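Student: I should like to learn how to read the features of a model such as this one. May we take them one at a time, beginning with charged side chains?

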Amino acid sequence: MLRPPFFGSLTVGLAPDLLTLRMAYDAAVILLGCVLAALSLWRVRRRAVRLRAPDSLVPFAAAGMLAVAGVLAINAGRILEVTAEGFYVASIIALCVGIASLALGWFCVLMQLPRDTVAALVMGAFVVSHVFGIADLLPRDWASVLSALYPLLALVMLCLWPQHEAAESPDGAGAPLLQNDYLRKVQICTMVLVFAEVLCGAFLRSRWAHGGVGYTPRPATVYSYLVSVCIGLVFWYIARRTRTTAECTLAIGSIGLVGFVTATVLFAFAPPRLLAPFVTGLYSALVVYSMALIALWGTDGRHTALACAATFLEMFGLASGVTSSIVPAVLAYLHLTPAEFLVPVGVAAGLLVSLGMCSVLFAMAIVHREAFLDKLSRSEETGAGEGALRDKEEPPSSIERHERVMDLIAAEYGLTERERETASLMARGYTAGRVAEELVVAASTVKGYSKSIYRKMGIHRKDELIETVNEAKRSI
């Protein structure tokens, strides 16, 4: 829904200047990201807990209706031949507010899913959306009207999607999942890598793409969607088979790097129309994967859905604004840099950053292979002889650290041994049913324990318990 052809479908044939509308679109996305980031910081300072489904989805779905209203307003303005530029700018702002609300709602949903399914689910949705891209073969005026289906279907899916308890990791560690400083560094590196790849792809696309306005539907469009589907299937397979987020991103980032380097070289010899489907598909897949990566960034218990949505909107808005609207317009106005210099400079910078980040991640993976494969806790639990002696010299695993913090919390709040065990499992993200199975007690007994825990700790929800445990871990 955020992709340029979507915007181009809406604005094709409009009387107002296209660059102004495109700048309004990108600037609104960036500013909304800033607003969500400010709200996230405000909530953190007030020690507010993470937004969760299902009670938090209703206002997001309601605000998401603005996206549908914005699309309909733009199309109505075209039909009625409205020429007032302010009308279209206001409609685009409403569209962006709706998009931001939908993004926030979907991040709330994604952060409730099991960690090992998020990337595969998002990339699977990317593949399905491109399978139905055959609708782009319709006349352009029809496509602009059908653009209302993008936010409408996102709203319907958001409302119908089954709600889950807090996400649990495959090994039962629960949230937070990244207690190791090394793994946090890997996580940051992977996010920077994907952003560099997206920015590089945006520069490459800017050579021929102008918001999708110049697009003409033809049978060859099917080829473009087939290329995107193939790239999405490769990313989906990697997401399904790899064991850690960093491992997955290193593989996908390497594919992106090789793909963009190849495209950059071939642009000097081949017509852009032959490379456009490949670059567009790779760029779109990386943008979608970044959403999964940012959602996983939020599941470690230290970031809210607000922060995740803000990060995604900022990333998309900056990539689009730097290459397609805001920066080119400013440079042209100041007569500083010719537009034709933006592409080679941007591509060179993106490739350089991507190559550097791939090298850093590869080095981190080689030097700390076991940590990279997330086997620290298992190796420490099963160590004996030499292994046990080595474990004594190494920092405690995430599980050991979790249990030590729970001992301190139990002592501080006067929790009984059974309440401490219950609180420990709940802080890992276990559901009430799973806690009952682990402790071999009835679910009603677990509920009684949880009420006593909440009363002693002065909290009211499991999210607050998780946040309290996370803060205790960060302070030690």
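Student: Which residues are linked in a network of salt bridges?

Tutor: The model is a predicted one. A salt bridge requires a side-chain nitrogen of Lys or Arg within 4 Å of a carboxyl oxygen of Asp or Glu. In this structure, Glu403, Asp407, Arg420 and Arg428 are joined in such a network. One of its pairs is arginine 420 with aspartate 407, at 2.7 Å from N to O. Arginine 420 belongs to helix α19 (residues 417-427) and aspartate 407 to helix α18 (residues 398-413), so this pair ties together parts 13 residues apart in sequence.

Student: Are arginine 420 and aspartate 407 buried or partly exposed?

Tutor: A residue is called buried when its relative accessible area is under 20%. Arginine 420, at 9%, is therefore buried, whereas aspartate 407, at 42%, is partly exposed.

Student: How many salt bridges does the structure hold, and which of them lie within one helix?

Tutor: The total is seven salt bridges. Among those within a helix is the pair of aspartate 26 and arginine 22, whose closest N and O atoms are 3.4 Å apart. Both residues lie in helix α2 (residues 18-45), four residues apart, which is about one turn of the helix. Aspartate 26 is buried at 0% relative accessibility, and arginine 22 is buried at 5%.

Another example is arginine 434 with glutamate 438, at 4.0 Å from N to O. These two residues are in helix α20 (residues 432-439), again four residues apart and about one turn of the helix. Here arginine 434 is partly exposed at 27%, and glutamate 438 is partly exposed at 45%.

Student: What does the side chain of lysine 462 reach?

Tutor: A charged side chain may also be examined for polar contacts with the backbone. The side chain of lysine 462 reaches the backbone oxygen of tyrosine 430 at 3.0 Å. Lysine 462 lies in helix α22 (residues 462-475) and is buried, with a relative accessible area of 11%.

Student: How should I read the helices, and helix α9 in particular?

Tutor: One begins with the overall count: the chain has 22 helices and zero strands. For a single helix, one may then compare its span with the expected value. Helix α9 (residues 221-241) contains 21 residues and reaches 31 Å from its first C-alpha to its last, close to the expected 30 Å. Its buried residues include Tyr225, Val229, Ile231, Phe235 and Ile238.

Student: Which residues does isoleucine 453 touch beyond its neighbours in sequence?

Tutor: Leaving aside residues up to four places away in sequence, isoleucine 453 touches Leu415, Glu419, Thr422 and Ala423. Isoleucine 453 lies in helix α21 (residues 443-457) and is buried at 0% relative accessibility. Its C-alpha atom is 9.3 Å from that of glycine 414, which is 39 residues away along the chain. For the whole chain, among contacts between residues at least 6 apart in sequence, 81% join residues at least 24 apart. Of the 476 residues, 52% count as buried.

Student: How many disulfides are there, and where is the nearest cysteine sulfur to cysteine 308?

Tutor: The test is whether two cysteine sulfur atoms lie within 2.5 Å. The count comes to zero disulfides. For cysteine 308, the nearest cysteine sulfur is that of cysteine 108, 9.2 Å away. Cysteine 308 is buried at 0% relative accessibility, while cysteine 34 is partly exposed at 40%.

How values were computed
Residues numbered from 1 in each chain as written. Predicted model: local features only at pLDDT ≥ 70, side-chain atom pairs only at ≥ 80, totals over all residues. Heavy atoms only, no water. Buried < 20%, exposed > 50% of the residue type's maximum accessible area, 1.4 Å probe, protein only. Contact = heavy atoms within 4.5 Å. Polar contact = N/O pair within 3.5 Å; in protein donor to acceptor, adjacent residues only side chain to side chain. Expected span 1.5 Å × (residues − 1).
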